Amino acid sequence: MCEVGCGKHDHRSADPAAVEMLAIADREQYATQWSRYEQQQPQCSYGQLGTCCRICSMGPCRIDPFGNGPTQGVCGATADTIVARNLARMAAVGSSSHSDHGRKAALLLKAVATGANTNYRLTDTVKLTAVADRLGIATDGRSFPEVAGDVADAALNCFGKQDDEPIIFLQKFMPKRRYEHLKKMEQTLLESTGATTGLLPRGIDREAVDILHRTHFGCDADPLSLIAQTIRCSLADGWGGSLIATSVQDILLGTPTIKSIQANLGVLEVESVNVVVHGHEPILSAKIVEMAQEPEIRLLAVAAGAKRVNVVGLCCTGNEVLLRQGVGMAGNEAHSELAIMTGAVDAMIVDVQCIYPALADLASCFHTRFITTSDQAKIPGAIHIQFHEDQADTISRTILKEAIAAFPRRNPARIHIPHHTATAIVGFTVEEILKALGGTPAPLIDLIVKGTIKGVAGIVGCNNVKVQQDSFHRTLTTELIKRDILVIGTGCWAVGAAKAGLMDLSAQELAGDGLKSVCTSLGIPPVLHMGSCVDCSRMLVLAGAIAEHLDVDISQLPLVGSAPEWTTEKAVAIGAYFVGSGIPVHLWPVPPILGGAAVTRILTQDAKEVLGGYFFVEEDPIITADKMEAVIMERRAALGI
Ligand code: SF4
Ligand code: MSK
């Protein structure tokens, strides 16, 4: 509740729409992530430090890093071994989640290319040709389906190949100097430390399985090689699975373009059938947006007494349809329960990742149909309608009919939609950024060299109940643009920034004079929405384009990353592939590594020398901005600019 009792402030969220809904949650005694978090106190400090192990049945073992108790598990594993194994497993899960998403997109591309799936089409053939060219796949005189089939094969081969060559997407998209640097570092690590674990990923599936193997009881106990494999697996995500997901979705669904949208719970409409799409994979949700426009569905909605079907987004599925189809954004992760509490959500359709199981229970208190669609994310209490890509049109219609059927069952007395929305200019893909710059990164580089823009900060990640929702996102972002640092980013950060109005043109006024002048002349906000979590790969590609243009390594560029309210294992993988790509990354909350002194040193200090990127932790957003600016200024000085 509000600490000062005024009802306007709430330590749980910086978003006024959330504060409004939380007052209702308190009044109606709805359980939320915040109430369950309180019930979890005190949380296990061994878990927070990363020093608990339950890898085998001689455990669970736990180690107090301050020396109060045993210094080894039953098998002799040290705190560093345990911390490194736990971290590696987090990265393997995060990497697998993104990459399995990419695999499904690639399989669909193959099916569309061969004609086995006619529910989707090759929407963006310009992107198809660009990806094929980059991969070295012939395009001249060939049909688009032929080329698409080869692109799909190249992508799918990245998952399952068995030789030791780095995956083709990484080979072809990672800038040459970074690639050569990682290759050299593999050799240096071998010579100086005897670490034989490489850094360049051989196969997307293989690197995750490698972690599962090496962290099995009685395998790798060396923190250094465990961390090297963590980086390798994460690079397979960033320059592999996630890049494949982004590239293929652009080919199938269209590369996003710059557009204006509305963000926050106010996008829900009292008079319309509200359908919230939530999760990560846009293959279904894009189809739902499309089918909602069909005459049959529109007529059914009107017959049920509604004005129309209003599809809106949440989390990253929301980001995907927001960027491509311009649908409204209801909120980020911490808004998922609050959306249902408005009493105006007729159906929440979820696919995979970042979906609270609690949503099923909460939906049962309302008329809301909570519909799961993936066998990888089944939730007790939900209605399950399994999605199949080859029946996408039919299944989307079935789902929309469920939502329409729920509409008349609303209880008008329980409807409360906060009237908060903000305008956001979104859709800043690499293609759109380069187009705005005249087709080349040169103008952006000139501005950075002149100091008009000091550098670029990439912010990613989630909401975390341990941080006041969006508060870190808002303060850090505002502070960075004030210092003439262009902010780009994805995921729930992007939604938070959009809701805060930081992606509106009016946010130019918050920027420093240099950044403001650039944004004014280009007609863009100082905070750029680049997409969903897998679209962090767009940031890698942008960094790569700048590095290639300057013929320097990414680790020399005035770039810095942050995941200021991170929650998920995917964020661990993203952070690790940024670091592996040469970009320092700020994290808050503290990752579960502090119980391992050597692991902490490797990730926060040694990594800088080997990779150029490293992690740092900071709780205060202003001090974080100081530290991120310091990274940028250090790199500028090293470049002599
Ligand atoms: Fe304990 Fe070792 Fe088993 Fe972990 S692997 S639970 S440290 S005995
Ligand atoms: S949805 S991974 S809570 S950003 Fe991509 Fe948000 Fe984090 Fe999920």
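## Asp551 and Asn264: backbone outliers

Asp551 sits in the loop between α22 and β14 (559-563). The model is predicted. In it, Asp551 has a positive phi of about 55°, although it is not a glycine. Its relative accessibility is 48%, so Asp551 counts as partly exposed; the buried class ends at 20% and the exposed class begins over 50%.

Asn264 also has a positive phi, about 125°, and is not a glycine. Its place is the loop between β3 (259-263) and β4 (273-279). Is Asn264 buried or partly exposed? Asn264 is buried, because its relative accessibility is 3%. Most residues other than glycine have a negative phi, and most peptide bonds are trans.

## Cis peptide bonds

Two prolines follow cis bonds. Gly59 and Pro60 are joined by a cis peptide bond, with omega about 5°. Pro60 lies in the loop between β1 (52-53) and β2 (61-62).

The bond from Trp588 to Pro589 is cis too, with omega near 0°. Pro589 belongs to the loop between β15 (585-587) and α24 (597-611).

## Thr246 and the α10–α22 packing

Thr246 is part of helix α10 (residues 223-253). It is buried, because its relative accessible area is 2%, and buried means under 20%. Which side chain makes a polar contact with the side chain of Thr246? That partner is Asp535, at 2.8 Å. Leaving out residues up to four places away in sequence, Thr246 touches Arg324, Val534, Asp535, Ser537 and Arg538.

Thr246 also takes part in a helix pair. Gly238, Trp239, Ser242, Leu243, Thr246 and Asp250 in α10 meet Ser537, Arg538, Leu540 and Val541 in α22. By class, this contact has 4 nonpolar, 4 polar and 2 charged residues. The axes of α10 and helix α22 (residues 536-550) come within 8 Å and cross at roughly 100°. The two helices are therefore roughly perpendicular to each other; angles of 65 to 115 degrees fall in that class.

## The α12–α16 packing

A second helix pair has another geometry. Helix α12 (residues 295-303) and helix α16 (residues 392-406) have axes that come within 10 Å and cross at roughly 10°. That makes α12 roughly parallel to α16, because angles under 35 degrees count as roughly parallel.

From α12, the contact draws on Glu296, Ile297, Leu300 and Ala301; from α16, on Arg397, Leu400, Lys401 and Ile404. The class count is 5 nonpolar, no polar and 3 charged residues.

## The shell around ligand 1

The residues around ligand 1 include Cys53, Cys56, Cys61 and Cys75. Ile55, Met58, Val74, Ala77 and Phe217 are there as well. Gly59, Gly73 and Arg85 complete the list. Gly59 is also the residue before Pro60 in the cis bond.

How do the residues of this shell divide by class? There are 9 nonpolar, 2 polar and 1 charged.

## The shell around ligand 2

Ligand 2 has Cys315, Cys316, Cys354, Cys462, Cys492 and Cys533 around it. Also in the shell are His280, Glu333, Gly461, Gly491, Thr568 and Lys570.

Which helices each supply at least two residues of this shell? They are α13 (315-325) and α20 (491-499). By class, the shell around ligand 2 has 6 nonpolar, 4 polar and 2 charged residues.

How values were computed:
Residues numbered from 1 in each chain as written. Chains lettered and ligands numbered in written order. Predicted model: local features only at pLDDT ≥ 70, side-chain atom pairs only at ≥ 80, totals over all residues. Heavy atoms only, no water. Near = heavy atom within 4 Å. Nonpolar A, V, L, I, M, F, W, Y, C, P; charged D, E, K, R; others polar. Helix = DSSP H or I, 4+ residues; strand = E, 2+ residues; numbered from the N terminus. Buried < 20%, exposed > 50% of the residue type's maximum accessible area, 1.4 Å probe, protein only. Polar contact = N/O pair within 3.5 Å; in protein donor to acceptor, adjacent residues only side chain to side chain. Contact = heavy atoms within 4.5 Å. Axes fitted to C-alpha atoms, helices over the stretch in contact; angles between N-to-C directions. Parallel < 35°, antiparallel > 145°, perpendicular 65-115°, else oblique.
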